[in-house]
Amino acid sequence: MTNSPNDMKRKRDQEGTALSRCLTFGLFCGAIGSLLATACPVHAGQVLAQKPNVIFILADDVGAYDLGCYGSAFHDTPNINSLAARGVRLTQAYTNNPSCSPTRSSILTGLHPARIGITDPSCHFPTVNFKKGLLPTSEEKVLPANGVTRLDTRYTTLAEVLRDSGYRTGHFGKWHLGAKPYSALEHGFESDWPNTAAAGPGGPTSYFSPWLYAPNVKQVPGEHIEDRMAQEAVAWMREHKDEPFFLNYWAFSVHGPWVGKPDYVNWFSKIADPNNPQRNPVHAAMLRSLDDAVGTLVRNLEELGIADRTVIVFYSDNGGTDFLDRDTMMQYGFSSPPTHNGPLRGGKGTIYEGGTRVPGIVVWPGVIKPGTTSGAMFQSMDFYPTLLEMLGAPAPAQPIDGISQVKALRDGVEVRDTVFCHWPHGGGNDINPGWAPSTSVRKGDFKLIRFFADNEDASDRLELYDLSSDPGETVNLVNQAPRITRRLNGLIDGFLRDTDAVLPKSNPNWRGFKDWQATQGTALTSNAGLATVTNEKGRPMLHLRNAPEKTGGKLTLKIQMRTLGPADRGILYWSTSTSAERSKNRKIEFPINKVPGWHVYSLDFTTRSQIKSLWLVSGIDAKEVRIDWIRLSRQNGPLVKAWEF
């Protein structure tokens, strides 16, 4: 990238001026066209050609505040900013799920993922499963759902309705709803490029060809997938410019692996502000490549003279990736996660706002006033009935959970005041808060989350937040607002019944781990009174999820354990923050006894305030560790708590 920040700003200003002129001219032409259409008889094919086109751009893992038009001071997205300038920018846009495949299914069917059963991103799994239910076994405290792994062809998709209404239909990019016979080609799309069932780009450099997930595509070495995909989409668009078309542009960006164009990465590295939580130059570079693709699509619409009769949607499939485990951070050499969703809490894969709140832009020439902002509540499944009404296409016979948002877009009338999210997966991992089996409802400003079987007695745990004053979901109001809690909890009950949702439940085979849990990449099992901790990467880690109360000052943690195979050292981390973030300044390392057999390790440490979390790395380089017991006590004082496995 050679542009300076001033050059970029000047370019954006020029693009905005040109866009305004083009839009004004387009609206004028559209009005004249409407008068001519009513005054002059035309052939059926000509009438058909005047139906609005649709381009649906779905980004992958772009957070609610990742874009310049949503306030990012670091990410440079001039083309998407210009797109927002010609339509409406949604500030309360939600997905139906904090992950990929479920959101995609909701867009194409208008149904809630809980009803379909696609509730996690497992549609690339080799096993074809259409039966909703719980996993029969799990190493977690709660038995999660066994997600449906394909979008069943019995559902009538948005593409099928539009195809049958005379539209040409083309899909470009990520699908992640199943390989043939469940690919885009079996769900109403006449074209599919590159026709892949992959969950994402795959290997560490696979945004650049050779693309192993696209073996049947002619490739130019080193070509970026978004550049090529946009070119393919434009070629298809030009082929069908005289016909109404539905173009699905579902980007691979900015999903991992995290790799960007070197000149973009270098540029953002130079301007990154260490005080800005959004400062990852690789993520910024990937966003810029996505923005380039959006610019290619819009620029060619204008060159073809059909921008004034093309509806454009920009959305994301879930919130931004604001958390990576330590090993992944080290693998990519990151000092910060890909993005930060603040002021929202959490990110991709969590039930909190950062996992499901996303950027949303809708351009509807001649109807939506350019440059507007809407606070109307919107959810991804709403696009199905909304687009059908916008285009005058018939509704299918199947029931629809989504609500048409035409009145909200056209007249500013809010049509939705409630959104549900069902996420029956995860492991109750407090390192990544909200990554736990749960269901939420937002009604008005209040949001209630039900974490399944998460209390000590295996009952459901509730969290209530007032998003109008607490968008970061930091103050749980369950005890202060029992009436609101009961009312919203009743709404969750009704939603779960109506959608026949899979309900996670306490794992009957889970023993001794009411407080300690395995972190990502680690497996924890119990047998004959011993805990077996395994990690293929040689970093077996346990997390004390619910620290005992009134534990501050001078403490001792004792562990009786044995390592199987070589081990270098162990590490104990602790946190006194509710954010449950490990601190490099709050840790002690201890040597692992090289003599085979059982050993007791006694670790003394001091805290200034109440402990919220502990992390125990039981042996660097050890792939398996066995633990007999763990005891926390005051130094030279009474026992605080003991865990017998």
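A residue is called buried if its relative accessible area is under 20%, exposed if over 50%, and partly exposed in between (1.4 Å probe, protein chains only). The model is predicted: local features need pLDDT of at least 70, side-chain atom pairs count only at pLDDT 80 or more, and totals for chains, interfaces and linings use all residues. Residues are numbered from 1 along each chain as its sequence is written, and side-chain values use heavy atoms, with hydrogens and water left out.

**Exercise 1.** Classify the ring pair of tryptophan 175 and phenylalanine 189, and state whether each residue is buried or exposed.

Solution.
- Step 1: Rings of Phe, Tyr and Trp (its six-membered ring) pair if their centres lie within 6.5 Å; planes under 30 degrees apart count as stacked, over 60 as edge-to-face and the rest as tilted. The whole structure holds 21 aromatic pairs by this search.
- Step 2: The ring centres of tryptophan 175 and phenylalanine 189 are 6.2 Å apart and the planes stand at 85 degrees, so the pair is edge-to-face.
- Step 3: Both residues lie in the loop between strand E4 (168-173) and strand E5 (191-193), so the pair ties together parts that are 14 residues apart in sequence.
- Step 4: Tryptophan 175 has 1% relative accessibility and counts as buried; phenylalanine 189, at 3%, is buried too.

**Exercise 2.** Do the same for tryptophan 193 and tryptophan 211.

Solution.
- Step 1: With centres 6.4 Å apart and planes at 85 degrees, the rings of tryptophan 193 and tryptophan 211 form an edge-to-face pair.
- Step 2: Tryptophan 193 lies in strand E5 and tryptophan 211 in the loop between E5 and helix H7 (225-239), so parts 18 residues apart in sequence are tied together.
- Step 3: Tryptophan 193 and tryptophan 211 are both buried.

**Exercise 3.** Describe the sheet that contains strands E11 to E14, and the helix that packs on it.

Solution.
- Step 1: Helices (H or I, at least four residues) and strands (E, at least two) are DSSP runs, numbered from the N terminus. Two strands pair if DSSP finds at least two bridges between them.
- Step 2: The open sheet has four strands in the order E11-E12-E13-E14, with antiparallel pairing. Its edge strands, E11 (418-423) and E14 (461-466), each pair on one side only.
- Step 3: Strand E13 (residues 446-451) is joined to E14 by six bridges, and phenylalanine 451 stands opposite arginine 461 in E14.
- Step 4: Helix H14 (residues 482-498) packs on the sheet and touches E11, E12 (438-443), E13 and E14. Contact means heavy atoms within 4.5 Å.

Terms used
Axes are lines fitted to C-alpha atoms, for helices over the stretch in contact, and angles run from 0 to 180 degrees between N-to-C directions.
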